[in-house]
Amino acid sequence: MGYRIHYAVRDGMLQAAVSGNTLGRGQTCHADWIARDIAAQAGQETVNRLLIDLRGLADRLGFLGSLSMVRSVSGYRVAVVDTMENDAYYALHEIAALARGCVLRCFTSVADAARWLRSAPSRD
């Protein structure tokens with residue numbers, strides 16, 4: 001099985017809900033591809049705020065590392081929604097993203113993530 005990303009632009013932000021898993025044939029990790037796909041879609045939109053919901057993605061350890069290293073998300077404000085059990089992994093990725101010019105924060109609630117994104121000034 002692979003992965004699927006459902007995109008929507010709402011309230012001035014790009015929302016990406018990722019489902020499936022990051023391990024494909026031969027156990028190849030798709031985390032880099034997913035991160036690049038989301039970054040490419042974000043580059044096509046006129047918003048600089050991203051809400052990424054990872055709760056439907058199995059085997060997602062490593063995804064945030066990939067996203068935090070993608071140079072094309074520089075200048076974006078990114079809210080990632082994940083389960084509480086993965087919360088311990090995010091501090092390092094938040095720091096790595098900041099070093100690349102991206103503000104990344106993790107949440108366990110879509111409502112909290114969206115509220116944080118709405119509090120940011122838009123690109124306008």
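1. In this predicted model, the count of disulfides comes to 0. Two cysteines are worth looking up in the structure all the same, and each of them lies under cover: Cys-102 is buried, with a relative accessible area of 2%, and Cys-106 is buried too, with a relative accessible area of 13%. For a student new to these values, it helps to know that a residue is called buried when its relative accessible area is under 20%, so the 2% of Cys-102 and the 13% of Cys-106 both meet that cut-off.

2. The overall plan may be read next. The protein chain contains 4 helices and 5 strands, and when these are followed along the sequence they give the pattern β-β-α-β-α-β-α-β-α. The protein chain has 124 residues, of which buried residues make up 46%. Its accessible surface comes to about 6,700 Å², and carbon and sulfur atoms hold 51% of that surface.

3. How much of the contact in the protein chain comes from residues 24 or more positions apart? Among the contacts with a separation of 6 or more, such pairs account for 73%. A reader who follows the sequence alone should keep this value in mind when turning to the strands, which are treated in the next points.

4. Strand E2 covers residues 13-21, and it is joined to strand E3 by 7 bridges, the two strands running parallel. One pair that can be found in the structure is Ser-19 with Gly-56, the latter being the bridge partner in E3. Strand E3 itself is mostly covered, since 7 of its 10 residues are buried.

5. From E3, which spans residues 49-58, the pairing goes on to E4, and here 5 bridges join the two strands, which again run parallel. Two of the pairs can be named: Ile-52 has Val-80 as its bridge partner in E4, and Arg-49 has Arg-77 as its bridge partner in E4.

6. Is strand E4 mostly covered or mostly exposed? This strand, residues 77-81, is mostly covered, with 4 of its 5 residues buried. Besides its pairing with E3, E4 is joined by 5 bridges to strand E5, residues 103-107, and these strands also run parallel. In that second pairing, the bridge partner of Val-81 is Phe-107 of E5. Cys-106, the buried residue with a relative accessible area of 13%, has a number that falls within the range 103-107 given for E5.

7. Gln-15 deserves a point of its own. This residue has its place in strand E2, and it is buried, with a relative accessible area of 17%. Its side chain is joined to the side chain of Arg-10 by a polar contact of 3.1 Å. When residues up to four places away in sequence are not counted, Gln-15 touches His-6, Tyr-7, Ala-8, Arg-10 and Leu-51, so that Arg-10 appears both among the residues touched and as the partner in the polar contact.

8. How many salt bridges does the structure hold? There are 3, and one of them is formed by the side chains of Asp-11 and Arg-118, at 3.3 Å from N to O. Asp-11 lies in the loop between strands E1 and E2, whereas Arg-118 lies in helix H4, so this pair ties together parts that are 107 residues apart in sequence. Asp-11 counts as exposed, at 52% relative accessibility, while Arg-118 counts as partly exposed, at 45%.

9. Another salt bridge belongs to helix H4, where the side chains of Arg-115 and Asp-112 meet at 2.7 Å, N to O. Because these two residues are 3 residues apart in helix H4, they are separated by about one helical turn. Asp-112 is partly exposed, with a relative accessible area of 36%.

10. There is also a salt bridge between the side chains of Arg-55 and Asp-53, which meet at 2.7 Å, N to O. The two residues are not covered to an equal degree: Arg-55 counts as partly exposed, at 42% relative accessibility, whereas Asp-53 counts as buried, at 15%.

How values were computed: Residues numbered from 1 in each chain as written. Predicted model: local features only at pLDDT ≥ 70, side-chain atom pairs only at ≥ 80, totals over all residues. Heavy atoms only, no water. Buried < 20%, exposed > 50% of the residue type's maximum accessible area, 1.4 Å probe, protein only. Pairing = 2+ DSSP bridges. Contact = heavy atoms within 4.5 Å. Areas by Shrake-Rupley, 256 points an atom, 1.4 Å probe, with all protein chains shown as cover. Disulfide = S-S within 2.5 Å. Polar contact = N/O pair within 3.5 Å; in protein donor to acceptor, adjacent residues only side chain to side chain. Salt bridge = Lys/Arg side-chain N within 4 Å of Asp/Glu carboxyl O.
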